[in-house]
Amino acid sequence: MAEQKYLMLVSLLILLITDHSKGAIDFCYHTDPCTESVPTLDVFGRSTNCPYYGRNGLCDSSLTEAWYRTDTPMVNTCPEQLNICGTYYPVYLNGSEPTVSDGMVTSTACMKGFTGCCEEVYNIVLKNCSSFVAYCLQHTKGCAERYCFGDTGACPTTTTTTTTTTMTTTMTTMRSSPASVDDTGGLSTSAIFGIIFVAIFCVFVVPGVVLLLWHYRKAGKRLCPGSSEIPSNKVTSSQTFIMSSADVY
């Protein structure tokens, strides 16, 4: 009796372990990808020759968990480096593709990281449908992790857009020629200032200088002594006295 209970307990544990390993991909067994319509996985940019894109790269953390068909086989060897498949951490098939006679095959996919080729493990299911291979994939746990397919596929073109901001400073330079003419046919600013200066000089400076000279000339006549020459038609008192004495003698 005790042995039967022990065997039942072991069987239950084995069943639980089996269900646990299968539970993450249990949805895969509800669909036959060879007979039912399943979406085609876009493998553009997923090949090992495509570099890492952007800050976080492309990732499958938001991938819808479902069956996908593709004509390009999943990479099944550990990549030699990171920064490929359009992402930072490439995820590859840790095994080989099944044959048609194998039916649905449960396998694992590994994420290559800094310290090893299988730092993260994902359970996946594969089925060879003769004309294509179908993959039942889980979404990855984070970015940037991505499933890799092929090694010579097309890659997105990285376009760098450079925006150049040009600051233009317009400086107005006064021309040195007083009589210069601007491009519009009128007098330039310097010529106008020259004419104004000449007008101010003629109106205020020249008359002031003439008036100042006239005042200096008038003041000079006041300071000079009068002429000592006596006109011939005028007779002084001493001359009259001398003439009177001569008449007496």
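## Disulfides in the predicted model

A disulfide is here a pair of cysteine sulfur atoms within 2.5 Å, and the structure to which this criterion is applied is a predicted model. Cys 85 and Cys 148 meet the criterion, with an S to S distance of 2.0 Å, and by this rule the count comes to seven disulfides. Three of them, beginning with the link of Cys 85 and Cys 148, are described below.

## The link of Cys 85 and Cys 148

The torsion about the S-S bond of Cys 85 and Cys 148 is about 120 degrees, so this disulfide is right-handed. Because Cys 85 lies in the loop between strand 1 and strand 2, while Cys 148 lies in the loop between strand 6 (145-147) and helix 2 (189-223), the pair ties together parts that are 63 residues apart in sequence. Both cysteines of this pair, Cys 85 and Cys 148, are buried.

## Two left-handed links

A disulfide also joins Cys 78 to Cys 117, with the sulfur atoms 2.0 Å apart, and the torsion about its S-S bond is about -85 degrees, so the link is left-handed. Cys 78 is located in the loop between strand 1 and strand 2 (89-93), and Cys 117 in the loop between strand 3 (104-111) and strand 4, so that this disulfide ties together parts that are 39 residues apart in sequence. Cys 78 is partly exposed, its relative accessible area being 25%, and Cys 117, with a value of 32%, is likewise partly exposed.

Cys 34 and Cys 129 are joined by a disulfide with an S to S distance of 1.8 Å, and this link, with -85 degrees about the S-S bond, is left-handed. The pair links distant parts of the chain, 95 residues apart, since Cys 34 belongs to the loop between helix 1 (2-23) and strand 1 (66-70), and Cys 129 to the loop between strand 4 (120-128) and strand 5 (133-137). Cys 34 has a relative accessible area of 31% and is therefore partly exposed, whereas Cys 129 has a relative accessibility of 12%, which falls under the 20% limit, so Cys 129 counts as buried.

## The sheet

Six strands form an open sheet of mixed pairing, in the order 1-5-4-3-2-6. Strand 1 and strand 6 are the edge strands, each of which pairs on one side only, and the twist from one strand to the next averages 30 degrees.

Within this sheet, strand 3 and strand 4 pair in the antiparallel sense over eight bridges. As a detail at the level of residues, Thr 106 has Val 125 in strand 4 as its bridge partner.

## Nonpolar cores

The largest nonpolar core holds 16 residues, of which Met 74, Ala 109, Ile 124, Tyr 135, Leu 137 and Tyr 147 touch the most other members. Strand 2, strand 3, strand 4 and strand 5 each supply at least two residues of this core. Leu 137, leaving aside its neighbours within four places in sequence, is in contact with Phe 27, Leu 41, Leu 63, Thr 64, Glu 65, Ala 66, Tyr 68, Ile 124 and Tyr 147; of these partners, Ile 124 and Tyr 147 are also among the core residues that touch the most other members.

Apart from the largest core lies another, of nine residues, including Ile 25, Val 125, Cys 129 and Ala 134. Two of these residues have appeared above: Val 125 as the bridge partner of Thr 106, and Cys 129 as the buried cysteine that is joined by a disulfide to Cys 34.

Methods. Residues are numbered from 1 along each chain as its sequence is written. This is a predicted model: local features need pLDDT of at least 70, side-chain atom pairs count only at pLDDT 80 or more; totals for chains, interfaces and linings use all residues. Side-chain values use heavy atoms; hydrogens and water are left out. Helices (H or I, at least four residues) and strands (E, at least two) are DSSP runs, numbered from the N terminus. Buried means under 20% relative accessible area, exposed over 50%, partly exposed in between (1.4 Å probe, protein chains only). A nonpolar core is a set of buried Ala, Val, Leu, Ile, Met, Phe, Trp, Tyr and Cys residues joined through side-chain atoms within 4.5 Å. Contact means heavy atoms within 4.5 Å. Two strands pair if DSSP finds at least two bridges between them. Axes are lines fitted to C-alpha atoms, for helices over the stretch in contact, and angles run from 0 to 180 degrees between N-to-C directions.
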